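Reader: Could you walk me through this structure, one feature at a time? I would like to learn how to read each of them.

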Amino acid sequence: MKSSSGVAVGDNNANSLTYDGDGGNKDYYADKAGWFDEDASAEKYELEINDYVSLEGDDLVLDLLEGENVNDDGEEIFEGYLDDEIKNDEVGGEVDSDMDYDDQELPPEIIAPEGELPDYFVPLTPVERKELKDKLRSTLRATKSALLISANSDSIGSSNPSPQRTLVLDSNRPKQFMHMHHMKTGGTSLDGLIRCALQRQKDLHGGTEIKYNSMSECGSMVKTCMDKLAGNLNAKVVDNVFYQNDAQGQPQVDMKFSFDPADEAFDSTIDDLNVCSTSEAKVMSYCASLHAVRTFGWKGVDKITMIRNPVDRAWSMYRFTLDRCYKCQELKDVLRKIENGTFKGEEANFVYSPNDSCSVQMIGHQATNLLSSIDLYNAANDVRFPMEKQIVEEAVRNLREEITWIGLTDRMDESIRAIRDVFPFLAENISETVTALQDLFRKSGEQVGDNRFSVPEEYNDNKGCPMSHSNEGKEPHCGTKELDDETIYWIKKLNNRDVAVYKAAVERFTLQMEVLGEYRSGTL
């Protein structure tokens, strides 16, 4: 099977995946591929991939950084090495037809210079696998139910329990939907899609704006908003923990005076305070941890996120901030300094601040973002890795349980199409989606009214919201020009928790696509 870009993908017994692009023929090798048949056996298949067809992201550090990695035609470039060994259920899928490929030699088998790294990934058992598939089916049934309500209602959004699962959001209801944004995973492009969809919602609501907000640890906004929230609660934040102040206004740094604003008892207070406009926003993008998401009252909201192979993500981050952060140093030297605590100076300091994006972006960033408990979050940027197993367990659990739908950066096209199915307000074209949904539901015997899923009869989506990639790309002018075995080892060493998270994401993505097939065929 070939994607529209000419890349051969997903051939079960293929030894060579070839791409014929501007740079000529390029061979990519997949050692072996297997598909898990849950009805036949509980055996897991193992897939070894030695190719590198991975999306080069185009994120921004909010207003602080400029983007890169686009060719002269404005097309974003795939680049980087995929994981050498991914315990996975499926390989292949469509590759983004808008992307181009690098012309580097295939890397040899990686030999860890300091021994094997621990593998913290624990695959789902057959029972857990079935439970997750049932949960994903429930997610899609909720979307279907919300759409059917909108198809048979005269009001727009307000009468629907889940307007974020329809074509028309509720302009009055806060906290409908959020994107958990990990740096260098394609999240800025996804944020662009969300903003386009919200502008379209404004048109659907006759000029009424759907309030959007974003918050990021990459600058100082999360810390600033945390401090502001603490001040309103007569408290101070010390190492991300809230402590009640004494009579003199000083924090009582003792666990008996600590509290968590995410506790249910604080829900109404947090909403009333509306710190940093987080309570009134209908849609948010958090480039921050689940701990921060919970603190500002967004713990029960529908969430999406993109997960990327950690080697590709670290390589992209390095190129993205080569001058500003890494001053043209070799990547392996940067990683060594981060690990031995001397990245910020000669005196060793093994615990980095969450706001020190230049270093913490290289330390299991995606898993850290998926943490919800304070003790693990505080340990996550300690490069002595005192609680790595516990961090992986919580991050993977939250990936499986707290995120409504996930995507994979190296399967971007499929991911975005799936996210649009679950959250139709993000559709590329609203008018075309109305017709497609009417056909789908009528074929499956559902009663669908003539009110176009609450989309006004006179509305015509003549612009649409395509997923775009527009940041200018540059090859490294100094430092590391291409990855070698030693550098890849050091990336994995500092991002070992992200290796586990990525494997869990691939596992879940496979199940999502299976269940989505049922939904799209009308059998769900």
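Author: We will take strands, a helix, a few side chains and some salt bridges in turn. Keep in mind that this is a predicted model.

Reader: Let us begin with a strand. Is strand 14 mostly covered or mostly open, and how many of its residues are buried?

Author: A residue counts as buried when its relative accessible area is under 20%. In strand 14 (residues 302–307), six of its six residues are buried, so by that cut-off the strand is mostly covered. You can also look at the two faces: Asp302, Ile304 and Met306 are on one side, while Lys303, Thr305 and Ile307 are on the other, and all are buried.

Reader: Which strands pair with strand 14, and in which sense?

Author: Strand 8 (residues 177–180) runs parallel to strand 14, and four bridges join the two. Within that pairing, Met178 has Lys303 as its bridge partner. Strand 15 (residues 405–408) also pairs with strand 14 in the parallel sense, over four bridges. Here you can look for Met306, whose bridge partner in strand 15 is Gly407.

Reader: What is the order of the strands in the open sheet of three strands?

Author: The order is 10-11-12, and the pairing is antiparallel. Strand 10 (235–238) and strand 12 (258–259) each have a single partner strand, so they stand at the edges and one side of each is left without a neighbour in the sheet. Strand 10 is joined to strand 11 (residues 241–244) by four bridges. One pair to find is Val238 with its bridge partner Val241 in strand 11.

Reader: Which helix lies across strand 10 and strand 11?

Author: That is helix 3 (residues 221–232), which runs at about 145° to strand 10.

Reader: Now a helix on its own. What span should helix 15 have, and how far apart are its end C-alpha atoms?

Author: Helix 15 takes in residues 496–521, which is 26 residues, and at 1.5 Å a residue it should span 38 Å. Its end C-alpha atoms are 38 Å apart, which agrees. The helix is also mostly covered, with 21 of its 26 residues buried. Just after it comes Gly522, which has a positive phi, near 85°.

Reader: How do I read a single residue, such as Gln366? Where does it lie, and is it buried or exposed?

Author: Ask for its element, its accessibility and its contacts. Gln366 lies in helix 9 (residues 365–369). Its relative accessibility is 0%, so Gln366 counts as buried. A polar atom of its side chain lies 2.8 Å from the backbone nitrogen of Arg308. Leaving aside neighbours within four places in sequence, the residues in contact with Gln366 include His182, Thr185, Met306 and Asp498.

Reader: How far apart are the C-alpha atoms of His181 and Gln366?

Author: They are separated by 9.1 Å, although the two residues are 185 residues apart along the chain. His181 has its place in the loop between strand 8 and helix 2 (187–204). At 4% relative accessibility, His181 counts as buried. Its side chain makes a polar contact with the side chain of Asp191, at 3.2 Å.

Reader: Last, the charged residues. How many salt bridges does a search of the whole structure find?

Author: Side chains of opposite charge can pair when their charged atoms come close. The search finds 28 salt bridges. One of them joins Arg294 and Asp260, with the closest N and O atoms 3.6 Å apart. This pair links distant parts of the chain, as Arg294 is in helix 5 (residues 290–295) and Asp260 is in the loop between strand 12 and helix 4 (267–273), 34 residues apart. Arg294 is partly exposed, at 22%, whereas Asp260 counts as buried at 15%.

Reader: Which parts does the salt bridge between Glu388 and Arg497 tie together?

Author: The side chains of Glu388 and Arg497 meet at 3.0 Å, N to O. Glu388 lies in helix 11 (residues 388–401) and Arg497 in helix 15, so the pair ties together parts that are 109 residues apart in sequence. Glu388 counts as buried at 6% relative accessibility, and Arg497 counts as buried at 0%.

Note on methods. Residues numbered from 1 in each chain as written. Predicted model: local features only at pLDDT ≥ 70, side-chain atom pairs only at ≥ 80, totals over all residues. Heavy atoms only, no water. Expected span 1.5 Å × (residues − 1). Buried < 20%, exposed > 50% of the residue type's maximum accessible area, 1.4 Å probe, protein only. Polar contact = N/O pair within 3.5 Å; in protein donor to acceptor, adjacent residues only side chain to side chain. Contact = heavy atoms within 4.5 Å. Pairing = 2+ DSSP bridges. Axes fitted to C-alpha atoms, helices over the stretch in contact; angles between N-to-C directions. Salt bridge = Lys/Arg side-chain N within 4 Å of Asp/Glu carboxyl O.
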